[in-house]
Amino acid sequence: MEFPFLGEPIFEEPLVGFVRGNDPIFDRFKKVIGPHHFSPWEIMRWQAEKNSVKTPEPDDLSVVSFVVPFTQKTIRDNAAAVEWTSERWAQTRLLGEIFSQTFVREIVSDLMGRGILAIAPDVTPMFNKKRYPKVGWASPWSHRHVAYAAGLGTLGCMTF
């Protein structure tokens, strides 16, 4: 964290979950979220084509989901905030997003360097938020829904 919280951790211990790439829940996401939501196979096919390799079968895919929970201090500060989000929350949100994107890029680079096809959908040009007729602003990959599929519970105000 930055001043005035210099040196404080941004997150609590991470939660990690896994879900098979062919889990039927991804078909349900296309109904609940919309047909624009990638299945693991669709986004992996894009990565395979980009790298001129054979696309794995959906049965051979695993999806890893991680959640990095806010600290109790951040939760308390933000709950007490009246007009705006708390400074601690704002820093957590900004620095946390930078960390998350850097972290997944490093994981994908490491796996790809070992000859393992991998992708993080939200750090690709395929991840474009836009307005869809039925749902409004949305993206083609929902970390909250994937975390739910991987057994990490519900996050925020998600309904499913």
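# Briefing: salt bridges, backbone and surface

Arg-88 and Glu-8 form a salt bridge, with 2.9 Å between their closest N and O atoms. The bridge ties together distant parts of the chain: Arg-88 sits in helix α4 (residues 87-113), while Glu-8 sits in the segment before β1, 80 residues apart. Both Arg-88 and Glu-8 are buried. The model is a predicted one.

**Overall build**

- The chain holds 5 helices and 4 strands.
- Their order along the sequence is β-α-α-β-α-α-β-β-α.
- A box of roughly 50 × 40 × 25 Å, taken along the principal axes, is filled by the C-alpha atoms.
- Of the 160 residues in the chain, 36% are buried.
- Take the contacts between residues at least 6 apart in sequence: 63% of these join residues at least 24 apart.
- The chain exposes about 10,400 Å². Carbon and sulfur atoms supply 57% of that area.

**Charges and salt bridges**

- The chain carries 18 positive and 18 negative charges. The mean positions of the two sets are 7 Å apart.
- Side chains of opposite charge can pair when their charged atoms come close.
- The count of salt bridges is 6.
- Glu-97 and Arg-93 make one salt bridge, at 3.2 Å from N to O.
- Both of these residues, Glu-97 and Arg-93, belong to helix α4. They are 4 residues apart, about one turn of the helix.
- Glu-97 has a relative accessible area of 33%, so it ranks as partly exposed. Arg-93 is partly exposed too, at 43% relative accessibility.
- Asp-110 pairs with Arg-114 in another salt bridge, with an N to O distance of 2.9 Å.
- Asp-110 is partly exposed, with a relative accessible area of 38%. Arg-114 counts as exposed because its relative accessibility is 61%, over the 50% cut-off.
- Shared partners also build a network of salt bridges: Glu-8, Lys-73, Asp-77 and Arg-88 are joined into one.

**Backbone exceptions**

- Most residues other than glycine have a negative phi, and most peptide bonds are trans.
- The peptide bond between Phe-3 and Pro-4 is cis, with omega at about 5 degrees.
- Pro-4 lies in the segment before β1.
- Ser-52 is not a glycine, yet its phi is positive, at about 55 degrees.
- Ser-52 is placed in the loop between α2 (40-50) and β2 (62-67).
- The relative accessible area of Ser-52 is 68%, so this residue is exposed.

**Nonpolar surface patch**

- Val-16, Phe-18 and Val-64 form a nonpolar patch on the surface. Together they have about 310 Å² of accessible area.
- Phe-18 belongs to strand β1 (residues 15-20).
- Phe-18 is exposed because its relative accessible area is 58%, over the 50% cut-off.

**Strand β2 and the loop after it**

- Ser-65 is located in strand β2.
- Ser-65 is buried because its relative accessible area is 6%, under the 20% cut-off.
- Beyond its neighbours within four places in sequence, Ser-65 is in contact with Leu-15, Val-16 and Gly-17. Its contacts also include His-143, Val-146, Ala-147, Ala-150 and Leu-152.
- Val-68 is found in the loop between β2 and α3 (72-80).
- Val-68 has a relative accessible area of 21%, so it is partly exposed; buried would need under 20%.
- Val-68 touches Phe-11 and Pro-14, with residues up to four places away in sequence not counted.
- Val-68 and Ile-10 are 58 residues apart along the chain. Their C-alpha atoms are separated by 8.9 Å.

Conventions:
Residues numbered from 1 in each chain as written. Predicted model: local features only at pLDDT ≥ 70, side-chain atom pairs only at ≥ 80, totals over all residues. Heavy atoms only, no water. Patch = residues over 30% accessible without salt bridge, like charges linked within 9 Å, V, L, I, M, F, W, Y side chains within 5 Å. Areas by Shrake-Rupley, 256 points an atom, 1.4 Å probe, with all protein chains shown as cover. Salt bridge = Lys/Arg side-chain N within 4 Å of Asp/Glu carboxyl O. Helix = DSSP H or I, 4+ residues; strand = E, 2+ residues; numbered from the N terminus. Buried < 20%, exposed > 50% of the residue type's maximum accessible area, 1.4 Å probe, protein only. Contact = heavy atoms within 4.5 Å. Lys, Arg positive; Asp, Glu negative; His and termini not counted. Charge placed at Lys NZ, Arg CZ, Asp CG, Glu CD.
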